[in-house]
Amino acid sequence: MDKRKIGTCWLDGCSGCHMSLLDMDEGIVAVLKKADIVFGPLVDAQEWPEGVDVAVIEGAVSSQDDLKLAQTARARSHVVVALGDCAVTGNVPSMRNGIPTRKLLERVYVEGATERPGVPTDGVPALLKRAEPLQAAIKVDVHVPGCPPKPDAILFVLSELLEGREPDLDSKLRFG
Amino acid sequence: MTEKVKVRIDGEVIAATPGQTILEVARANNKYIPALCYMEGLSAVGACRLCMVEVSGVARLLPACTTPVQEGLAVTTSSPHLQSYRKIALELLFAERNHVCAVCVSSGHCELQALAQDHGITHIRYPYNYPRLTVDTTHPRFVLDHNRCVLCSRCVRTCAEIEGAHVWDIAGRGIHSRLVSELQRPWGEATTCTSCGKCVQACPTGAMAEKGWGVEEMTKQPAVLSRLTSMREGR
């Protein structure tokens with residue numbers, strides 16, 4: 001059987017979920033026997049490839065770039081997993097949602113700056129009005145809450161999906 | 001001794017005292033009905049809608065915490081129908097305000113979080129409301145974070161019924177409802193507050209907490225408050 005393809009990415013998150021992914025110890029060897037990681041922070045690929053079996057997405061959708069990457073991943077992947085509270089609920093990134101974007105940026109980069117005050121515009125994507133959970137932007141097939149989700153839970157989800165089963169997370173996980 | 005009435009809970013015949021509610025009878029007989037706004041020792045208000053049960057012969061669901069038992073009552077405490085409604089009620093609580101478990105003092109000890117886990121909630125199916133809410137830090141020892149409040153009113157009833165101070169109330173209507181201390185005065189300036197901290201112990205989420213705790217560090221003992229009431233009974 002051909003090896004399956006996994007793509008991972010992080011949007012507006014802290015990379016903690018990816019740390020948890022790596023933290024599954026020898027479990028990652030078992031996963032890599034069945035699948036290749038074809039896109040992600042640790043992979044050289046510049047663009048999300050076609051025909052990915054499982055997309056694992058960490059972080060909230062917070063900027064234009066986040067939205068574009070999420071949409072590309074969705075279009076080119078069979079199953080999309082929202083990994084961690086930011087992708088599932090919006091979590092910490094969404095705490096800015098009550099504040100208008102312009103006011104937020106000025107508070108941080110103008111009022112809060114000691115040197116060269118000014119809202120950065122070059123080389124950074126525009127923020128969206130709100131940092132939303134992944135499901136507000138694209139269709140999500142599996143939600144894995146946790147901040148971060150436990151390595152065992154991630155291994156369970158990946159193993160089940162690679163076997164073609166729908167992971168039954170009922171009562172195994174909690175927010176936070 | 002008062003005459004007992006016979007009720008059926010999930011098929012089992014149970015002798016109950018008239019005046020007892022379905023929830024009281026169920027709990028006394030080790031039958032689990034989820035609830036958030038109910039606390040033993042306080043009056044019941046039926047605010048959270050998690051204890052809804054099916055009563056045979058009644059077309060609508062009834063809250064177990066405010067429905068008194070009567071002879072021949074037959075109750076179903078769990079069914080796919082009830083589970084789906086309880087999930088909806090919980091998810092709407094999460095969607096209404098900003099419940100960010102990852103940065104909450106009560107994470108791991110929170111009744112709302114635990115109920116979501118018990119009901120197998122992995123995500124919220126409704127769009128989040130993201131209201132902009134305040135945090136009242138004016139009290140020297142305690143803090144009130146409206147982002148985490150579910151308006152269960154356990155603090156309101158604890159303060160009024162156990163401490164006898166009645167500092168808290170709920171102001172506004174519907175989605176604009178807010179917990180207020182002493183008619184909108186900041187908590188720290190409330191002259192009727194005795195700083196006993198019972199409201200904090202009664203709060204099921206991290207909305208009320210003692211100052212100085214970090215994430216996951218705040219634990220509460222609402223059962224102690226229930227015991228206070230039972231010890232005062234008959235005096």
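Two strands count as paired when DSSP finds at least two bridges between them. With that in hand, here are the close-ups, and keep in mind that the whole model is predicted.

**View 1. A three-stranded open sheet in chain B.** The strands line up in the order β6-β7-β10 of chain B, and the pairing is antiparallel. On the edges sit β6 (135-136) and β10 (208-210) of chain B, each of which pairs on one side only. Look at β7 (residues 142-145) of chain B and you'll find 3 bridges linking this strand to β10(B), with the two running antiparallel. For a spot to zoom in on, try B:Val143, whose bridge partner in β10(B) is B:Ala209. As a rule, strands of a sheet are held to each other by backbone hydrogen bonds, whether parallel or antiparallel.

**View 2. Chain B as a whole.** Step back and chain B shows 6 helices and 10 strands. Its C-alpha trace spans about 50 × 50 × 30 Å along the principal axes. The radius of gyration of chain B is 19 Å, which agrees with the value near 18 Å that a compact globule of 235 residues would have. Buried residues account for 40% of the 235 residues in chain B. Among contacts in chain B with a separation of 6 or more, 63% link residues 24 or more positions apart.

**View 3. Where the two domains of chain B touch.** Chain B splits into domain 1 (5-78) and domain 2 (99-222), and the C-alpha centres of these two domains are 26 Å apart. At the junction, 10 residues of domain 1 of chain B are in contact with 14 residues of domain 2 of chain B. What kinds of residue does domain 1 of chain B put on the side that touches domain 2 of chain B? That side has 9 nonpolar residues, 1 polar residue and no charged ones.

**View 4. The largest nonpolar core, and B:Cys51 in it.** This core holds 68 residues, and those touching the most other members are B:Leu23, B:Ala35, B:Leu36, B:Cys51, B:Cys155 and B:Met208. Both domain 1 (5-78) and domain 2 (99-222) of chain B chip in, with at least three residues each. Setting aside neighbours within four places in sequence, the contacts of B:Cys51 include B:Leu23, B:Ile33, B:Tyr38 and B:Cys65. A second, separate core of 39 residues has A:Val54, A:Leu83, A:Phe156 and A:Leu173 among its members. In soluble globular proteins, nonpolar side chains do tend to be buried together.

**View 5. Chain A meets chain B.** Here 23 residues of chain A are in contact with 20 residues of chain B. On the chain A side, helix α4 (residues 85-89) gives the most, with 3 residues. Sorted by class, the chain A side that touches chain B has 9 nonpolar, 10 polar and 4 charged residues.

**View 6. Backbone oddities in the loops.** Most peptide bonds are trans, and most residues other than glycine have a negative phi. Now check the bond from A:Cys147 to A:Pro148, which is cis with omega near -5°. A:Pro148 lies in the loop between β7 (142-144) and α6 (151-162) of chain A. Over in chain B, the loop between β9 (178-181) and α5 (198-202) holds B:Gln184, whose phi is positive, near 75°. B:Ser195 is also in the loop between β9 and α5 of chain B, and its phi is near 55°. Is B:Gln184 buried or exposed? B:Gln184 counts as exposed because it has 9 C-beta neighbours inside 10 Å, while B:Ser195, with 13, counts as partly exposed.

Note on methods: Residues are numbered from 1 along each chain as its sequence is written. Chains are lettered from A and ligands numbered from 1 in the order in which they are written. This is a predicted model: local features need pLDDT of at least 70, side-chain atom pairs count only at pLDDT 80 or more; totals for chains, interfaces and linings use all residues. Domain bounds come from an automatic or database domain assignment. Two residues are in contact if their C-beta atoms, placed from the backbone, lie within 7 Å. Ala, Val, Leu, Ile, Met, Phe, Trp, Tyr, Cys and Pro count as nonpolar, Asp, Glu, Lys and Arg as charged, and the others, Gly among them, as polar. A nonpolar core is a set of buried Ala, Val, Leu, Ile, Met, Phe, Trp, Tyr and Cys residues joined through C-beta atoms within 7 Å. A residue is buried if 20 or more other C-beta atoms lie within 10 Å of its own, exposed if 12 or fewer, and partly exposed in between; C-beta atoms are placed from the backbone. Helices (H or I, at least four residues) and strands (E, at least two) are DSSP runs, numbered from the N terminus. The radius of gyration is taken over C-alpha atoms; the globule rule is 2.2 Å times the number of residues to the power 0.38.
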